[in-house]
Amino acid sequence: MNPFYQEGANLMKILYAASEATPFAKSGGLADVAGSLPKALVKDGVDARVIMPLYGDLKFRDKLEYVTNYSVPVGWRSQYCGLFKAEVNGVTYYFLDNEYYFKRRGLYGFYDDGERFAFFSRAVLETLFYIDFTPDIINCNDWQTALVPVYLNLYYRHLDKFNRIKTVFTIHNIAYQGKYGTDILEDTCGIGRRDQHIVEYDGCANFMKGAFETADKITTVSPTYAQEILDPWFSYGLDALLREKQYKLCGILNGIDMDANDPATDKHIPFNYSIDNFEEGKAKCKEALQDRFGLNKDGSPVFGMVSRMVGMKGFDLVQSVADGLVDRGIELVILGSGESQYENFFSELCARHPGRVGTYIGFEPALSQEIYAGADAFIMPSKSEPCGLAQMVACRYGTPPIVRETGGLRDSIHDSTMGDGNGFTFAGYSAHELYEACCHAQDAYNNKENWHNLVHHCMECDFSWDVSAKSYEGLYNETANLW
């Protein structure tokens, strides 16, 4: 237990600043965290609120309540900001509206993303003048909110309302840092030459670097990833800086929404089941999955994948072993889209092995749930994985994962071949080691009693946010008492 955390001390106020959050806008795992962690904190008695942009294609727009509007400094000019709010699961969500910046299709990938999120970061702080809420901690997430602690220290710290606010910066994926030419700093970000060194790194303006310099604590989404990003292989150039800031770095494993991912109540799967009756339910879900993809029902195990089809997710390894796995009597079901080389390969694999391989190019949330429920094992051989949620969801549905020991995969899945684990793991990034792990999984599947115990153990695993929320509360209390 953190020495600053006391059971029942429910006065902590957290503003969770994120560029996306479920159920309103999502492009990746950050949205799941921003939708689940504040909910778990509120359940624990913390006053946690979320602040995010009001995108053009935001879901549930009709549920928003207009609050007020004000001007936000952006470099040498001021821009309109409208404030809306909504409440979901006891969490208050604030939405910052500027149609010039945010009324577009999609969330990111625009030529002016640097300006858009410099505006958002500054607007987060300006909003505090217009709401009856002064947080103890602003928890910023990824490069899109990395300038919040920079602006707080440069332009707001001297004001009474802001002088006790602390900041926590969470890295969800260090590959995306918010890197721009230094010419963006003065005119667009409003950061003059005197302060340029705070965000300048390796000849660029690097928003994430600014957060490392100015945030009170830096977290990332698993303990192993917190260690890995000190190594040049994982850090995308920021390892030296992180080693310097290691005194304020820690890793807290993400959780999943156990209610949203519950095979007993999931409306997207053909048959519901629980830990007490999973054998019949999973068998029916497997049969339905095989029917959907035209697979043989000859007693073979079905190994599933749900992922972006990119090299970082280990698709090059899967490509190398796929024919070998099918030859061994394993059926494959793959859902995803991404790089054309993998889309083409797995489409052709399906054509070469009718009745043995099913491929769906694209993403369909309901189908992903069917794969979690209907597959016997789940393949996730990532080259790098800050946390990963799919392996936790797979466990929840009683589908033992086959993972590489990296990041959150290493922290959440433990090998069962030599002991009481909840999946199958391999260490080196090699097709041979992935193939061996899949063979171990197939051998375990053929021992029905052992497999039953393994599936039961997977479904017992507690990947809820309750555990991680307690760790965040400890960190928030420690940060609030820094000075």
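What does the lining of the second largest pocket have, by class? Point 6 comes back to this; here are some notes to read beside the structure.

1. **What you are looking at.** This is a predicted model, in which local features need pLDDT of at least 70 and side-chain atom pairs count only at pLDDT 80 or more, while totals for chains, interfaces and linings use all residues. Residues are numbered from 1 along each chain as its sequence is written, and side-chain values use heavy atoms, with hydrogens and water left out.

2. **How far to trust it.** The mean pLDDT (the predictor's confidence in each residue, from 0 to 100) is 94 for the protein, and 98% of its residues reach 70 or more. Take care with residues 1-10, where pLDDT stays under 50. For this stretch the model has 15 contacts beyond four places in sequence; a contact means heavy atoms within 4.5 Å. Where pLDDT is low, the predicted coordinates should not be read in detail.

3. **The sheet of 9 strands.** Follow the order 3-4-5-2-1-6-7-11-12 and you have walked across an open sheet with mixed pairing. Strands (E, at least two residues) and helices (H or I, at least four) are DSSP runs, numbered from the N terminus, and two strands pair if DSSP finds at least two bridges between them. Why do strand 3 (65-74) and strand 12 (249-251) each have one side without a neighbour in the sheet? They stand at the edges, so each has a single partner strand. From one strand to the next, the twist averages 25°.

4. **A hairpin to find.** Strand 3 and strand 4 (residues 77-88) run antiparallel and are joined by 9 bridges. Across this pair, Glu 65 stands opposite Lys 85, and Tyr 66 stands opposite Phe 84. The two strands form a hairpin with 2 residues between them, and Gly 75 in the turn has a positive phi of about 65°.

5. **The sheet of 3 strands, and a helix.** A further open sheet has the order 8-10-9, with antiparallel pairing. Strand 8 (179-180) and strand 9 (200-201) are at the edges with a single partner strand each, so one side of each lacks a neighbour in the sheet. Strand 8 pairs with strand 10 (residues 204-206) over 2 bridges, and Lys 179 stands opposite Asn 206. Between strand 9 and strand 10, the loop holds Asp 202, whose phi is near 55°, a positive value in a residue other than glycine. Helix 6 (residues 207-214) lies across strands 8, 9 and 10, at about 60° to strand 10. Helix 6 also lies across strand 7 (166-171) and strand 11 (217-220), at about 135° to strand 7. These angles run from 0 to 180 degrees between N-to-C directions, with axes fitted to C-alpha atoms, for helices over the stretch in contact.

6. **Back to the pocket.** The lining has 7 nonpolar, 2 polar and 5 charged residues. Here Ala, Val, Leu, Ile, Met, Phe, Trp, Tyr, Cys and Pro count as nonpolar, Asp, Glu, Lys and Arg as charged, and the others, Gly among them, as polar. Helix 10 gives the largest share, 5 residues. A pocket is an open set of points on a 1 Å grid over the protein atoms alone, where a 1.4 Å probe fits, with protein on both sides within 12 Å along at least five of seven lines; lining residues have an atom within 4 Å of a point.

7. **A cis peptide bond.** Thr 22 and Pro 23 are joined by a cis peptide bond, with omega about 5°. Look for Pro 23 in the loop between strand 1 (13-17) and helix 1 (29-43).
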